[in-house]
Amino acid sequence: MKESLMDILCDPLDKSDLELEVDERDDDEILEGRLIGTETGEVYPIEDGIPNLLPPDMRDD
Amino acid sequence: MSEESTTSASERRTLDAAEQRRAVRNRYARIATSTNGETDCCTDSESCCDGESPDSGSQKLGYDDTDLHSVAEGADLGLGCGNPNAIASLDEGETVLNLGSGAGFDCFLAAKEVGDSGRVIGVDMTPEMVEKARENIVKNDATNVEFRLGEIEHLPVSDETVDVIISNCVINLSPNKPQVFGEAFRALRPGGRLAVSDVVMTAPIPKNVQRDPESMAACIGGASTIDDLRAMLSEAGFVDVEIKPKEESGEFIREWDDSIDLNDYIVSAAISGEKPVEGR
């Protein structure tokens, strides 16, 4: 995901802001890392450039 | 034991919703992984091209040759039921959100319309589809398209950030359609619009078809009536709601199921609405 798209992303649970932690990047592109709900504390992983913003109960696999 | 006997209707509905989601995810994961970007589009016989290439099916759905050839192979799995971009008439610079973006075909078409100053975000709940879509970003050399794994009932998109929401034959799959429309309304800017192609029910679908998870996952069992859809959209806040059935969709819907003629029950429709500008 592109870091520049952070502004329109939000926590799917309560729509609050997300904080970005980056493990690996390629320019503006975040490849590995996580998005953390500033209110919920929920951790949404970013793997292979894809942010997983499914609600926690949907991440069953 | 007592728990079981006191299970409320809403809890039972939740279980059904979970079952419904699982059926949908499994089906589309299977389709995503069974296609190799070549012309064989899926191994299922319903709701998808049946041995013919996605292209020939997609022409029936309202995409023209230019559309089909402007996107690299592998993004069009032939799973839609119309062309939401045609309904949306996108402008340069707009932010577009695609609910249930699959392998990304409609996103890449939308990306060409909105240009470099615009952006397109696809949300899909099936990991295999999102991976495929991301691979297609590279094939299409698209710089203004992003995909994320997410659920359309819980959109990971901030309030009032999107100009246009498009969706192609996906909302019928949701166990909670009012919530999908509510979320779409929230994410749209005032004056923003919804442009959806989806199946609608024209006559009661036989109960055995409605209850079959596979039929639900194949865009048949979950279809709503036009009146119900209109009520859900109005309830969410949309104005200028239009739901136009497309009679010509019979040609491809007929190919979705061998055992019954689905044209007796469902038709593809162009569904649109607008989020009012305050004080208008």
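Here are some notes on the strands of chains A and B, for anyone opening this predicted model for the first time.

1. Start with the sheet in chain A. It is an open sheet of four strands in the order β1-β2-β3-β4, and the pairing is antiparallel. The edges are β1 and β4 (50–51) of chain A, each of which pairs on one side only.

2. Next, look at how β1(A) meets its partner. β1(A) and strand β2 (residues 29–37) of chain A are joined by eight bridges and pair in the antiparallel sense. If you want a spot to check by eye, try Leu18(A), whose bridge partner in β2(A) is Gly37(A).

3. The turn between these strands deserves a look too. The hairpin of β1(A) and β2(A) has two residues between the strands, and Asp27(A) takes a positive phi near 60 degrees there.

4. Asp27(A) also turns up in a patch of negative charge on the surface, together with Glu24(A), Asp26(A) and Asp28(A). Of these, Glu24(A) is found in strand β1 (residues 18–26) of chain A. Is Glu24(A) buried or exposed? Neither, quite: its relative accessibility is 42%, so Glu24(A) counts as partly exposed, given that buried means under 20% and exposed over 50%.

5. Moving across the chain A sheet, β2(A) is joined to strand β3 (residues 43–47) of chain A by four bridges, and the two run antiparallel. Here you can find Arg34(A) standing opposite Pro45(A) in β3(A).

6. Now to chain B, where strand β3 (residues 145–149) is a good place to begin. Why is this strand described as largely enclosed by the rest of the structure? Because five of its five residues are buried. In a regular strand, side chains alternate between the two faces of the sheet. In β3(B) both faces are covered: Val145(B), Phe147(B) and Leu149(B) are buried on one side, and Glu146(B) and Arg148(B) are buried on the other.

7. Glu146(B) is worth following a little further, as Ile121(B) stands opposite this residue in β3(B). The strands involved, β2 (residues 119–124) of chain B and β3(B), pair over five bridges in the parallel sense.

8. Last, there is strand β5 (residues 188–201) of chain B. Ten of its 14 residues are buried, so β5(B) is largely enclosed by the rest of the structure. Strand β4 (residues 162–168) of chain B runs parallel to β5(B), with six bridges joining them. To find your way along this pair, look for Ile165(B) and its bridge partner in β5(B), Leu194(B).

Definitions and conventions
Residues numbered from 1 in each chain as written. Chains lettered and ligands numbered in written order. Predicted model: local features only at pLDDT ≥ 70, side-chain atom pairs only at ≥ 80, totals over all residues. Heavy atoms only, no water. Patch = residues over 30% accessible without salt bridge, like charges linked within 9 Å, V, L, I, M, F, W, Y side chains within 5 Å. Areas by Shrake-Rupley, 256 points an atom, 1.4 Å probe, with all protein chains shown as cover. Salt bridge = Lys/Arg side-chain N within 4 Å of Asp/Glu carboxyl O. Lys, Arg positive; Asp, Glu negative; His and termini not counted. Charge placed at Lys NZ, Arg CZ, Asp CG, Glu CD. Buried < 20%, exposed > 50% of the residue type's maximum accessible area, 1.4 Å probe, protein only. Pairing = 2+ DSSP bridges.
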